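Subject: Structure handover

Hello,

Here is the structure I promised to pass on. My notes on it follow below.

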Amino acid sequence: MEKTMWNLEKLLFGRLTVPLLIAMSLLGCSSMDRNTQSDAAAVQNAAAATALVNKTGWQLKKLADDDGQLHPPLAKTVITLYFEGDRMRGSSGCNSYFGTYRVSAKDNTLAIGDTGFTMMACEDAIMQQERRYLYQLQQTASFRRTGEQLQLLDQTSDVLLVFAIPDVMPLKETQWQLLSFNSGNGMLSNQYTGDITAVFDNQGRLSGFSGCNRYYSSYTLKGGKLQLSPIITTRKHCLPEELMNTEAGYLAALGKVESYQIRERQLTLYGAGDLRLAVFNVAE
């Protein structure tokens with residue numbers, strides 16, 4: 001009797017186990033397939049995002065009017081767009097804006113998330129253009145990248161905005177990375193200069209990292225003339241002393257700036273008598 005019961009249990013266990021193992025196997029395959037598909041989609045989406053990202057960002061060349069006709073932006077405005085990770089930012093001609101975006105490799109889908117912006121006021125024509133640009137940015141449904149040109153399209157695949165990689169970088173809203181500065185004994189470059197940065201924003205503020213500390217100033221522009229207010233820094237002390245000496249020399253050079261020049265992707269700051277004080281490249 002005991003043997004008969006054992007055989008019955010064995011038979012029942014066998015009948016239940018085989019289907020269960022098959023089901024678990026199928027479930028495992030299904031889960032692996034979903035993970036594989038998810039990983040593949042992530043790789044494709046990352047590749048799509050790469051098409052949007054570059055070190056120098058995008059500069060607006062044309063925007064559509066109410067009839068869908070494309071026109072260049074106002075001559076005295078520079079509108080830019082940067083994609084960084086899952087965030088985007090730029091200058092809309094008067095103000096700075098910032099937000100998030102999502103991109104998919106399927107039909108190069110692009111969705112711009114909620115956008116914030118600063119509250120500076122400019123001429124009416126510039127403000128109208130800015131509102132149109134930000135509205136069209138929100139209407140973006142997909143993108144098309146051809147060489148050094150980027151087009152943003154709406155849901156019907158009509159072109160809203162056309163950007164290009166800028167030949168000449170704008171002073172504002174570009175992150176500049178120091179190459180060399182005038183130490184008083186000529187132009188100096190060392191292992192620390194590459195860590196020093198400068199950003200001129202649309203609100204007349206200059207900020208950056210000077211090697212050990214953060215620094216802040218305000219600026220005014222008139223033609224090629226550039227005037228900086230006294231520079232404020234945080235108060236950290238770093239080692240070695242060569243780093244602190246580099247920082248002090250750079251900040252001293254900034255205090256003498258009177259003009260600037262941009263050629264392609266390089267910014268040069270000058271003092272009296274066209275003395276070179278600092279040279280920057282676009283930050284990598």
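One definition first, for the burial labels: buried means under 20% relative accessible area, exposed means over 50%, and partly exposed is in between. Cys122, with a relative accessible area of 26%, is therefore partly exposed. Please keep in mind that this is a predicted model.

Overall picture

The chain has three helices and 19 strands. It runs to 284 residues, of which 39% count as buried. The exposed area is about 16,600 Å², and carbon and sulfur atoms supply 54% of it. Among contacts with a separation of 6 or more, 51% come from residues 24 or more positions apart.

Disulfides

There are two disulfides. Counted along the chain, the bonded cysteines pair as 1-2, 3-4.

Cys94 and Cys122 form one of them, with sulfur atoms 2.0 Å apart. The link of Cys94 and Cys122 is right-handed, with 85 degrees about the S-S bond. Cys94 sits in the loop between strand 4 (87-91) and strand 5 (96-104), and Cys122 in the loop between strand 6 (109-117) and helix 2, so the pair ties together parts that are 28 residues apart in sequence. Cys94 is buried, at a relative accessible area of 3%. Its partner Cys122 is partly exposed.

Cys212 and Cys238 form a disulfide too, again with sulfur atoms 2.0 Å apart. The link of Cys212 and Cys238 is right-handed, at 75 degrees about the S-S bond. Cys212 lies in the loop between strand 13 (205-209) and strand 14 (214-222). Cys238 lies in the loop between strand 16 (232-233) and helix 3 (241-254). The pair links distant parts of the chain, 26 residues apart. Both Cys212 and Cys238 are buried.

Salt bridges

The structure holds three salt bridges.

- Asp66 and Arg132: the side chains meet at 2.6 Å, N to O. Asp66 is in the loop between strand 1 (58-64) and strand 2 (70-71), and Arg132 is in helix 2 (residues 124-138), so this pair ties together parts that are 66 residues apart in sequence. Asp66 counts as exposed, at 70% relative accessibility. Arg132 is partly exposed, with a relative accessible area of 28%.
- Arg89 and Glu84: the closest N and O atoms are 3.2 Å apart. Arg89 counts as partly exposed at 22% relative accessibility. Glu84 counts as partly exposed at 41%.
- Arg205 and Asp201: the side chains meet at 2.7 Å, N to O. Arg205 is partly exposed, with a relative accessible area of 45%. Asp201 is buried, with a relative accessible area of 13%.

Nonpolar cores

Which residues have the most contacts inside the largest nonpolar core? They are Trp176, Phe200, Tyr250, Leu254 and Phe280, in a core of 26 residues. Several elements give two or more residues to this core: strand 10 (175-182), strand 12 (197-200), strand 14, strand 15 (225-228), helix 3, strand 18 (266-270) and strand 19 (276-282).

Phe200 is worth a look in your viewer. Leaving aside neighbours within four places in sequence, Phe200 is in contact with Leu171, Lys172, Glu173, Thr174, Trp176, Arg205, Leu206, Tyr219, Leu226, Leu228 and Leu267. One of these, Arg205, also forms the salt bridge with Asp201.

There is a second, separate core of 24 residues. Its members include Ala49, Leu63, Ile112 and Phe143.

Helix 3

Helix 3 gives two or more residues to the largest core. Tyr250 and Leu254 are among the residues with the most contacts inside that core, and both are buried residues of helix 3. The other buried residues of the helix are Leu243, Met244, Thr246, Glu247, Gly249, Leu251 and Ala253. An α-helix has 3.6 residues a turn, so residues three or four places apart point the same way.

How does the length check out? At 1.5 Å a residue, the 14 residues of helix 3 should span 20 Å. The end C-alpha atoms of helix 3 are 20 Å apart, which agrees.

Over to you.

Best regards

Notes:
Residues are numbered from 1 along each chain as its sequence is written. This is a predicted model: local features need pLDDT of at least 70, side-chain atom pairs count only at pLDDT 80 or more; totals for chains, interfaces and linings use all residues. Side-chain values use heavy atoms; hydrogens and water are left out. A salt bridge is a side-chain nitrogen of Lys or Arg within 4 Å of a carboxyl oxygen of Asp or Glu. Helices (H or I, at least four residues) and strands (E, at least two) are DSSP runs, numbered from the N terminus. Buried means under 20% relative accessible area, exposed over 50%, partly exposed in between (1.4 Å probe, protein chains only). A disulfide is a pair of cysteine sulfur atoms within 2.5 Å. Contact means heavy atoms within 4.5 Å. Accessible areas come from the Shrake-Rupley method with a 1.4 Å probe; for residues, only the protein chains shown count as cover. A nonpolar core is a set of buried Ala, Val, Leu, Ile, Met, Phe, Trp, Tyr and Cys residues joined through side-chain atoms within 4.5 Å. The expected span of a helix is 1.5 Å times one less than its number of residues.
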